[in-house]
Amino acid sequence: MAETQPSPLEATLAYAEEFHTEDEVLRTARHRAAEVGAPPILPGAGAALCFLATAVNARAVVEIGTGCGVSGLWLLRGMRQDGTLTSVDVEPEHQRLARQSFAQAGFSGGRTRLIAGRALDVLPRLSDGGYDLVFCDGAKHEYADYLAEAIRLLRVGGIVVFDGALGNHRVADPVRRDPDTVAVRELGKLVRSDERLRPLMIPLGDGVLAAVRLSD
Ligand SMILES: C[S@@+](CC[C@H](N)C(=O)[O-])C[C@H]1O[C@@H](n2cnc3c(N)ncnc32)[C@H](O)[C@@H]1O
């Protein structure tokens with residue numbers, strides 16, 4: 001049977017996704033993630049995170065969903081050298097593997113603060129306005145709650161970022177009504193309608209929704 005050629009749109013999206021490549025440390029972290037079932041962000045989304053962390057000269061970043069550290073590595077590589085990544089995950093085993101990835105990449109233990117717990121229990125303990133970037137990649141049904149927390153945590157000019165904003169091609173398809181897809185669609189509406197935010201949808205990875213925190 002003849003192989004089907006990718007459509008021009010598929011080829012363009014693949015070109016954009018493959019524009020950014022990963023090194024051995026990231027590939028190893030990705031392998032660890034596959035072994036324990038903590039799906040990591042795709043390279044294009046990682047590059048977007050690194051870019052945004054660099055653009056805001058991030059010193060303090062919060063991450064929800066450490067996984068095995070793929071997104072954390074991309075974030076740390078974009079952050080200032082004196083920056084700290086505070087990362088929350090409900091699975092201590094995922095964080096143990098993430099710690100290995102960070103060490104392998106040469107980041108000292110002082111660059112990361114890994115907190116084991118449920119995001120909505122931990123986030124309220126973090127300081128208002130104390131962060132340059134908040135990255136959300138935990139439970140999709142909690143995304144609206146993460147947004148509320150992120151707006152509180154961000155300084156003016158800081159950025160909130162969500163992975164999975166296109167939800168494996170489901171979010172754009174109105175026929176899809178599963179709870180995670182509905183939650184991500186609702187998040188999009190919330191971000192777009194919030195006058196405190198300036199949003200950007202980036203069709204890299206599984207969709208990266210970012211928004212700058214404007215002044216009150
Ligand atoms: C998609 S994976 C994160 C992948 C990671 N960001 C990366 O790119 O390597 C989602 C992670 O969120 C964690 N998680 C799920 N629900 C959570 C919650 N309510 N609070 C904190 N972490 C949660 C899971 O244990 C899992 O490690």
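A polar contact is a pair of N or O atoms within 3.5 Å. The exercises below concern a predicted model.

**Exercise 1.** Determine which side chain forms a polar contact with that of R32, and describe the surroundings of R32.

*Solution.*
1. Locate the residue: R32 belongs to helix α2, which spans residues 24-36.
2. Apply the cut-off: the side chains of R32 and Q100 are joined at 3.2 Å, and a polar contact requires a pair of N or O atoms within 3.5 Å.
3. Examine the charge: R32 is buried but has no salt bridge. The nearest side chain of opposite charge is that of E35, 6.9 Å away, whereas a salt bridge requires a distance within 4 Å.
4. List the contacts, leaving aside neighbours within four places in sequence: R32 touches C68, L97, Q100, S101 and Q104.

**Exercise 2.** Establish why T112 counts as buried, and identify its contacts.

*Solution.*
1. Locate the residue: T112 is in strand β3, residues 112-116.
2. Compare with the cut-off: T112 counts as buried because its relative accessibility is 15%, and buried means under 20%.
3. List the contacts, again without neighbours within four places in sequence: L76, L85 and F102.

**Exercise 3.** Describe the largest pocket and the burial of helix α4.

*Solution.*
1. State the volume: the largest pocket holds about 560 Å³ of space.
2. Describe the lining: 31 residues line this pocket, and P39, G65, D137, G138 and A139 are the closest to its centre.
3. Assign elements: α4 (70-78) and β2 (84-89) each contribute at least two lining residues.
4. Assess α4: 8 of its 9 residues are buried, among them W74, L75 and L76.

How values were computed:
Residues are numbered from 1 along each chain as its sequence is written. This is a predicted model: local features need pLDDT of at least 70, side-chain atom pairs count only at pLDDT 80 or more; totals for chains, interfaces and linings use all residues. Side-chain values use heavy atoms; hydrogens and water are left out. Helices (H or I, at least four residues) and strands (E, at least two) are DSSP runs, numbered from the N terminus. Buried means under 20% relative accessible area, exposed over 50%, partly exposed in between (1.4 Å probe, protein chains only). Lys and Arg count as positive and Asp and Glu as negative; His and the chain ends are not counted. A polar contact is a pair of N or O atoms within 3.5 Å; within protein, one must be able to donate a hydrogen and the other to accept it, and residues adjacent in sequence count only if both atoms are side-chain atoms. Contact means heavy atoms within 4.5 Å. On a 1 Å grid over the protein atoms alone, a cavity is a set of points where a 1.4 Å probe fits but cannot get out, and a pocket is an open set with protein on both sides within 12 Å along at least five of seven lines; lining residues have an atom within 4 Å of a point. Grid points are joined across faces, edges and corners, and a volume is the space filled by probe spheres set on the points.
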